[in-house]
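Dear colleague,

Please find the structure below, handed over for your records. My notes on it follow directly after.

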Amino acid sequence: MDFLFDFLTSIFVQFQSPTLGFLIGGMVIAALGSNLKIPNSIYQFIVFMLLMKIGIKGGIEIRGADLSAMFLPAVSTVIIGITIVLIGSFVFSLLPGIKREDGIATAGIFGAVSASTLAAAMVLLEEEAIFYEAWVPALYPFMDIPALILAIVLANIHLKKQNEGKDSKVDVWGIVKESLRGSALSALILGLSLGLLTNSESVLESFYEPLFRGFLSVLLLVMGMEAYARLNELRRVAYLYAVYAFIAPIMHGLMAFGIGYIAHVTVDFSPGGVILLSVMAASSSDISGPPTLRGAIPSANPSAYIGSSTSVGTPIAIAVCIPLFIALAKVVFDL
Amino acid sequence: MDFLFDFLTSIFVQFQSPTLGFLIGGMVIAALGSNLKIPNSIYQFIVFMLLMKIGIKGGIEIRGADLSAMFLPAVSTVIIGITIVLIGSFVFSLLPGIKREDGIATAGIFGAVSASTLAAAMVLLEEEAIFYEAWVPALYPFMDIPALILAIVLANIHLKKQNEGKDSKVDVWGIVKESLRGSALSALILGLSLGLLTNSESVLESFYEPLFRGFLSVLLLVMGMEAYARLNELRRVAYLYAVYAFIAPIMHGLMAFGIGYIAHVTVDFSPGGVILLSVMAASSSDISGPPTLRGAIPSANPSAYIGSSTSVGTPIAIAVCIPLFIALAKVVFDL
Amino acid sequence: MDFLFDFLTSIFVQFQSPTLGFLIGGMVIAALGSNLKIPNSIYQFIVFMLLMKIGIKGGIEIRGADLSAMFLPAVSTVIIGITIVLIGSFVFSLLPGIKREDGIATAGIFGAVSASTLAAAMVLLEEEAIFYEAWVPALYPFMDIPALILAIVLANIHLKKQNEGKDSKVDVWGIVKESLRGSALSALILGLSLGLLTNSESVLESFYEPLFRGFLSVLLLVMGMEAYARLNELRRVAYLYAVYAFIAPIMHGLMAFGIGYIAHVTVDFSPGGVILLSVMAASSSDISGPPTLRGAIPSANPSAYIGSSTSVGTPIAIAVCIPLFIALAKVVFDL
C-alpha cells in the first residue's frame, strides 16, 4: 500500500513539474489548433545550448575526478550503459509494431542517466549515513554519453540499411564518424572537450547553466507539439512501451548491482557506490536524452521515448528502485 | 504648481527610463537610416518569451490568491477591464481620422494594467499606513488579460468585416477561437495555464523573469524603428490620442472607485483596496500590452498605442491619479 | 629567464581561457568536418547583443566620469587610439602578401583596448600602492571606440576604391556615414547613447552584462569555424602578423607613456594614470574588437586579427608591457 502510495505521489509530483508541464502544454495547444510556432533557427540554437551545457558540465566533472581511483568503476559504468542500449534495442526489435528508430531511441534514453534521480538517491544515502566515494556521482557521464552515442549510431546503421536494402554491406566506421560529425554529437563532444581542457566553469555558471532549465522548457514545448502530431502512430503499441518502462529500470539496476558487487569484492568499491551505480542504471534521462536524440535521430517519435521515460520510467526509478537497492544493500553488505 | 512640477518630473523620469529610451532609440536610428535589423525569428521568439512570462506570472499569482475571498472583487475587476476597452473603442470610432485598429489597440492598452504604477501606489499606501487586503495586487491579471483579449477580438472582428464588406454576417465565436489560437494569445494562455497548474516558480525565476526586461528592451527597439516608419500616419490625429490619454486614466479610475465603493459597502472591501483598484483602472500597460498587441494586431500602429500610453497616460496615472484617489478615499472613507 | 617563464605561463593561461578555448574548439570541429551550424539569425542577434553591451557600458562609464577633469587625458586617449590604427594600417600596407582589410582590421584590434589586461594592471598598481585618478579606467572607451570606427571607415574606403578603380575619387564623408549606418556601428553607437542618456544600469546588469561572456563564447566558436576555413589564406604571411603582434604592444605603450608624461607635466596627470594609459595602448581587444570587426568588415579574415591579438598581443601586453611600464614609471617619476 505504502509502495503504491509512493508511486502515485511520485507520478503526481512529476505531472506538476514544469518539465512535464511544458511537454503536456505543447501537446494541448497542438490539440487545440494553436498557431504558436518556435522559429526553427531558435530551436536549433536551443538544442546547441542544451548539449553544450551537458557536455561542458560532464567534462568539468570528469576533469575534477580522481581518474586513477575511479578507473575500474568508470569502465564498468561505460559497459553498463552500452549493455542497456544493446539489450533494449534487441528487445524492441522483437516486439511487433514497434518502429526500429523509436525502439533504439527509447533504449538510448534508458541507458542515459537522470541527474535528479541520482541526486534523490544521494540525499537518501546521506540521511541513512551510508558512505560512498566522493567521485561516484562523477561516474554518470561515463554511462550517459556512451549510451546516447551508441543509440545514435545504431539508429543511423538501421536507417542506412533501410535506405540501401537489407543485404547491403554497411560501413559501420563511416556511420560512427558521420554520427559524431552530426550537429548534436558535435556540440556534445565539443562541450565535453571544452569542459575537460579549459577553465570553462565561469562561462558555464554565468551562461549555459542558468539558461538551461528555461531553454529546456521551450524545447519540451516544441517536442510536445510534435509529440501530439505523432501520437496516434503509437496507439497500438503504447502498452509495450509502458511494460518496458516498468520492467527495465528494475532489471538494469539489478544488473548494475551485480557488477558493482564484483567491484566491491575486487577493488573495494563502497556499498553506497554500488547503490548509486544501480540507481544510475535504473534511471532514464529526462534532461540530456531528449535534445540529443531529437537532434540526432529526427525520425524517431518523441512520444515514444519521452513518454516511456518521463511518465513511467522515472517514477519507477524513484519510488521503486531507490528503496529496493538500499534494502538489498543492507542485506548483502550487512549495513 | 506642485502638480505641474510633479507631472513634468514624472514625464522627465519616464524619458530617462530605459524602456522609453529604447523606443526612442529605435525611432532615432530609423530616422538616421541605420541598417540595423533584428532578425524576424529572434523577434518572434522574444514576443513568445515576454508573453510566457506575463502569463506564468499571472497564473502563479492567481494560484497563490485566496479565490473565495477575492471572488466578487475579481469579477468587478474583469468588468472594469472590459468596460474600459468597450468605451475606448467606441469613443475612438466616433473620432475623425482614427484608424479603427489603432483606436481599439489604444483602448486595449488603457484597459491593461501597469505593474509599476500599481507598485508605486502600494508604496504610497504603506507609507500612509492605509490598509489593503494582501490579495488585492493579485487582481491585476483579472483586468489585464481580459482587456487585451477583448481588444484583439474586437480588432479581428473589424478586420474581418473590412475584408468581407460591412453587411456580411460575422461569426464572432469563430473569431474568438481564431484569436485565442493566434500565436500571441496562445502563448499568453499557455503561460497562464502553466503558472496555474504546475510548480513553475523555478523556471520563471531562473529564466523568464531575468530575461524579461532585456528582451523587452529589444522589442521596444524594434517597435521604435517601426513606429518611426509609421509616424506620419498619425500626424493629423496625434492630438486626439493625447487628449484621450490625458482624460481616460482619470475617468477609468473614478469609475473603478465607484465600483470599489459598492464592494466596500457590500462585501467590506477595504478603502486601500478601492484605491488600488482605481489605480489599476487608471494605469495603462507599458509591459504586457505592447508585445501582445504587436503580436496579435500587426496592422495597428504602435506609435498610436505606445505613444498614448507611455508618454501621456502613465505620467497622468502616476502624478495625477494616485494622489487624487488617495485624497478622495480620505474624504469618502473618513481615513 | 623569469620573463620567458612569465610569458609562457601567460600564453598557457590564455590557451586555457574559455575565450580562446571556444575559438580553437570552432577550428577543431571545422577541421574534423562537423556539421554543427549556428543559424545566421542567431549569429546576427549575438553580434547585436555584444555591441549593445559594449556601447551601454562605455556610455555609462563616460556619464559617470568627471569630464572636466579628464578632458585633456581623454583627448590624448582618442589621439593615441587613432594614431595606432593609422600607423598599423600603414605598416601592413607596406608588407608583402598582406590583404589590405586584414591589415586594417588587425591595426584596429590593436588600437582597441582589452578590459581584462587593463584590470590586471589596476590590480598590480593597487598592490604596489601606486596612485591613479579614479576616472582613468573610464578613459578606455575613448581609445576603443574611435579606433574601431576608424578601422571600419579605412576598410570601407579601401573596398570602395578596389571596386571602382584606384583613381576614382572617393567620397570619404559618404563612407563615414555609410559605416556609421551599418548594423555593427549602429548598435555600438545606439548602446553608447542609451548608456549616456538613460538610466540603463538595470537593463545592463540584468540582461546585457550576464549574457555577454556566454554570447561571446558562441561568437568565438563561429569565428573559429570560419577562421579554420580561411586559415591557409595566411600560410605565407603568418610570421608577419606574429612579428607585428610582438613589437606593436611595446611601441604603442611607449608612445602612450610619452604622451602621458606630457600630461603629467602640464595637467599633473598621476604616474599611475600614465602607466594605465600605456597599458591601454599596449593592449589589444579580445572582447569588443572581434564582434565589431566581424560585423562591419566581413571580408577581413578573423584568423589574422584574432590570431594576432589573442595568441601573441595579449600575452605580450600582460607579461611584458605591464611590468615594463611600472618599472619605467618608477625610474621616470622616482616612485
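The notes below cover conventions, annotation, chain symmetry and one helix contact.

This is a predicted model, in which local features need pLDDT of at least 70 and side-chain atom pairs count only at pLDDT 80 or more, while totals for chains, interfaces and linings use all residues. Residues are numbered from 1 along each chain as its sequence is written, chains are lettered from A and ligands numbered from 1 in the order in which they are written, and side-chain values use heavy atoms, with hydrogens and water left out.

The unreviewed UniProt entry places "transmembrane region" features in chain A, including residues 71–92 and 104–125; such annotations may be inferred rather than shown by experiment. Residues 71–92 of chain A are 100% helix and 0% strand, with end C-alpha atoms 32 Å apart. Residues 104–125 of chain A are 86% helix and 0% strand, and their end C-alpha atoms lie 33 Å apart. Helices here are DSSP runs (H or I, at least four residues), and strands are runs of E of at least two.

A turn of 120° and a shift of 0.1 Å along the axis lay chain C on chain A with an RMSD of 0.1 Å (least squares on C-alpha atoms of residues with pLDDT of at least 70 in both). That is the relation of a three-fold axis. Only 12% of the interface residues of chain C are also interface residues in chain A, so the copies meet through different surfaces (contact means heavy atoms within 4.5 Å).

Yours faithfully
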